[in-house]
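Visitor: I would like to learn how to read a helical model from its geometry. Please take the features in turn.

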Amino acid sequence: MKNRSFRVTLALWLVLTLTIWNLIRVWTSITWRGVLNEFSAQPAAAITTISGTLWTALGVLLLWSIWKKKAWAAKLLFGATAGYTVWYWSERLIWQRPHPNWPFAVIVNLVLLVFILFTTKLLSREAYE
């Protein structure tokens, strides 16, 4: 069995990091629900719990599919990346006031999108080899 390429390994670490981040969001929103509701945190604790649970489940599925070199992992990675980008920016623009350091967020988002785009092409090729 060949080792994974460096880009695929980085993509795995990125997915793992975001999955853990969303798991922490779920745990925090459940544990601190009373405080979040008392201070009217935006988005509401229920929305954070639901979105964090969905992204955690998708992250686990994505990690497993990349690890097992499933043929559909590249499409799932690309779809999850597009969905996560839309979710991140909609949450940031709707609930976050003010919008601090938006140029940095745009640059990091674009760099990660380009990285994921090239990695999905590599994943597709590796799945069929």
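Guide: What follows goes from the whole chain to helix packing and then to backbone exceptions. This is a predicted model, in which local features need pLDDT of at least 70 and side-chain atom pairs count only at pLDDT 80 or more, while totals for chains, interfaces and linings use all residues. Residues are numbered from 1 along each chain as its sequence is written, and side-chain values use heavy atoms, with hydrogens and water left out.

Visitor: How many helices and strands does the protein chain have?

Guide: Helices (H or I, at least four residues) and strands (E, at least two) are DSSP runs, numbered from the N terminus. Here the protein chain has five helices and zero strands, in the order α-α-α-α-α. Its C-alpha atoms fill a box of roughly 55 × 30 × 20 Å along the principal axes.

Visitor: What percentage of the residues count as buried?

Guide: Buried means under 20% relative accessible area, exposed over 50%, and partly exposed in between, with a 1.4 Å probe and protein chains only. Of the 129 residues, 34% count as buried. In α4, the buried residues include L76, L77, A80, Y84 and W87.

Visitor: What span should α4 have?

Guide: The expected span is 1.5 Å times one less than the number of residues. For the 23 residues of α4 that gives 33 Å, and the end C-alpha atoms are 32 Å apart, which agrees.

Visitor: At what angle do α3 and α4 pack?

Guide: Axes are lines fitted to C-alpha atoms, for helices over the stretch in contact, and angles run from 0 to 180 degrees between N-to-C directions. Angles under 35 degrees count as roughly parallel, over 145 as roughly antiparallel, 65 to 115 as roughly perpendicular and the rest as oblique. The angle between α3 and α4 is about 160°, with axes 10 Å apart. That makes α3 roughly antiparallel to α4.

Visitor: Which residues of α3 and α4 make the contact?

Guide: Contact means heavy atoms within 4.5 Å. On the α3 side, W55, L58, L61 and L62 are among the residues involved, and on the α4 side L76, L77, A80 and Y84 are among them. Ala, Val, Leu, Ile, Met, Phe, Trp, Tyr, Cys and Pro count as nonpolar, Asp, Glu, Lys and Arg as charged, and the others, Gly among them, as polar. By class, this contact has 13 nonpolar, three polar and no charged residues.

Visitor: How does α1 cross α4?

Guide: The axes of α1 (residues 6-31) and α4 (residues 73-95) come within 13 Å and cross at roughly 45°. That makes α1 oblique to α4. Residues V15, L18, W21, N22 and R25 of α1 meet L77, Y84, W87 and E91 of α4. This contact has six nonpolar, one polar and two charged residues.

Visitor: Which backbone exceptions should I look for?

Guide: Most residues other than glycine have a negative phi, and most peptide bonds are trans. The peptide bond from Q42 to P43 is cis, with omega near -5°, and P43 is in the loop between α2 (33-38) and α3 (45-67). K69, in the loop between α3 and α4, has a positive phi near 55°. N101, in the loop between α4 and α5 (102-128), has a positive phi of about 50°.

Visitor: Are K69 and N101 buried or exposed?

Guide: K69 counts as partly exposed because its relative accessibility is 27%. N101, at 53%, counts as exposed.
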